[in-house]
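Hi everyone, thanks for making time for this. I'd like to walk you through one chain today, so please have a look at the slide first.

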Amino acid sequence: NTKVLFKSIPEGAANLANFEVVSEPFNIQTAAAALQPNSVLIKVTWLSVDPYMRGRMRKPEVASYSAAFTLGQPFMGHGVGIVVKSTSEKFAEGDVVLGILPWGNYVSVPEAAITRKINTADAPDLPHETYLGLLGMPSFTAYAGLVVLGKPKAGETLFVSAAAGAVGQVVGQIGKRFGLRVVGSCGTDEKVDHLVNRLGFDAAFNYNKHPIREKLAELCPNGIDIYFENVGGETLEAVLTLMNVHGRIPVCGMISQYDGAGYGVKNLFSVISKRITLQGFLVSDFYADHHDAFLKWMFEHGLDGTFFYEQTVANGIENVPAAFIGMMDGKNIGKQLIKL
Ligand code: NDP
């Protein structure tokens, strides 16, 4: 059984030295016999790596919205797997479950770590990874930020940054279905081509190649009504000058700042002069009231054959660290997943 442990706290960008991949002899009968009450032993099939994990790679005394990972212990994140042994009344052997799982091939977790069973009667029988991807947390984030907070109206202009990533690709495509003009930014020409020619964005640009404000002014001739914020820094500063009166900025993420850049955004006075709603949010706050509506929307539109869901897949638990580092560095197109 192979696991990935949190070895050291990164300074700046995370690197391979911050992770330790350890293999130990594993006997499934022994693991099953040692299972605690109200727990499940899971054979993990898919794992997700997500930007918020960078924030968990910190000292425990630094407060944030999610707990710090524990040095020497496995990383944890959204994953899917098959229950191979259960001492829980809620889950049976053979159930396919979604939860917050340690990074390992076989993991024993308390039943509270399981979010839900998938591929049950009330959910279509889909490939396991769909529940980390199209129907997963990042897509729900896109829906919550754009539909609930962004309040889109047909004809408006939406700009989304990190547009070719897990959240961004869904934001843009939901935006098109709400009748918006959709513009995206991303870090490579290949991603620009993907956004415009596959996902149906009206326009996109590579922020590594073009001055952001000039390019945005050119591609958003009627200004920006909704900015779905994923990156922060210079992009936010440029957007503020181009927002329309009563514009909305759902602040989902600021990935350009996660390694400690500390960019001082200017132009914040626009928030007043243009009466902008700038609203930070965490997707976790939306499950109770909006997750059912999200699933309904996705079953109707996301699975209709016209919605394009891109994934970048790495293989094997030993490649989770490189997949995470690569995702933080823009190597992924669409959702970065790991198949075990
Ligand atoms: P992505 O799949 O978009 O992967 C991250 C992407 O960020 C990379 O592919 C890269 O693409 C881009 N990026 C990396 N560094 C920079 C930089 N310095 N400047 C601009 N872009 C950069 O990840 P997700 O879709 O999972 O997450 C997108 C955002 O949403 C993140 O900020 C994340 O923290 C946030 N988020 C927030 C949630 C919430 O509850 N508030 C929940 C889920 C996600 P590129 O090639 O374009 O540079």
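One definition before we start, since I'll lean on it: a residue is buried if 20 or more other C-beta atoms lie within 10 Å of its own, with C-beta atoms placed from the backbone. Please also keep in mind that this is a predicted model.

Let's put that cut-off to work on valine 107. Is valine 107 buried or exposed? There are 22 C-beta neighbours inside 10 Å, so valine 107 counts as buried. You'll find valine 107 in strand β6, which covers residues 106-110. Leaving aside residues up to four places away in sequence, valine 107 touches Ile42, Val44, Leu101 and Pro102. There is a long-range pairing here too: leucine 41 sits 66 residues away along the chain, yet its C-alpha atom is separated from that of valine 107 by 5.7 Å.

Now let me step back to the whole chain. We have 10 helices and 15 strands. For 340 residues, a compact globule would have a radius of gyration near 20 Å, and this chain, at 21 Å, agrees with that. Along the principal axes, the C-alpha atoms fill a box of roughly 65 × 45 × 35 Å. Of the 340 residues, 44% count as buried. And if you take the contacts with a separation of 6 or more, 66% of them join residues 24 or more positions apart.

The helix I'd like you to look at is α3, residues 137-149. Of its 13 residues, 11 are buried, so α3 is largely enclosed by the rest of the structure. Among those buried residues are Met137, Pro138, Thr141 and Leu149. After α3 comes lysine 151, and its phi is positive, near 45°.

How does α3 pack with α9, residues 287-302, and at what angle? The angle is about 100°, and the axes are 10 Å apart. That makes α3 roughly perpendicular to α9. On the α3 side, the contact is made by Ser139, Phe140, Tyr143, Ala144 and Val148, and α9 brings His290, His291, Phe294, Trp297 and Met298. By class, the contact between α3 and α9 has 7 nonpolar residues, 3 polar and no charged. A general reminder while you look at it: an α-helix has 3.6 residues a turn, so residues three or four places apart point the same way.

Helix α3 also takes us to the ligand. Together with α4 (166-177) and α10 (320-328), α3 is one of the helices that each supply at least two residues of the shell around the ligand. Which helix gives the most? That is α4, with 3 residues. There are 29 residues around the ligand, and the ones that come nearest are Gly165, Val167, Gly187, Gly253 and Gly330. The shell divides into 16 nonpolar, 11 polar and 2 charged residues.

My last stop is asparagine 119, in the loop between β7 (114-118) and α3. Here the neighbour count comes out lower than our cut-off: asparagine 119 has 17 other C-beta atoms within 10 Å, so this residue is partly exposed. Not counting residues up to four places away in sequence, asparagine 119 touches Val96, Asp125 and Leu126. With valine 96, the separation is 23 residues in sequence and 6.9 Å in space, C-alpha to C-alpha.

That's my tour, and I'm happy to go back to any part of it.

Conventions. Residues numbered from 1 in each chain as written. Predicted model: local features only at pLDDT ≥ 70, side-chain atom pairs only at ≥ 80, totals over all residues. Helix = DSSP H or I, 4+ residues; strand = E, 2+ residues; numbered from the N terminus. Rg over C-alpha atoms; globule rule 2.2 N^0.38 Å. Buried ≥ 20, exposed ≤ 12 C-beta atoms within 10 Å, placed from the backbone. Contact = placed C-beta atoms within 7 Å. Axes fitted to C-alpha atoms, helices over the stretch in contact; angles between N-to-C directions. Parallel < 35°, antiparallel > 145°, perpendicular 65-115°, else oblique. Nonpolar A, V, L, I, M, F, W, Y, C, P; charged D, E, K, R; others polar. Near = placed C-beta within 6 Å.
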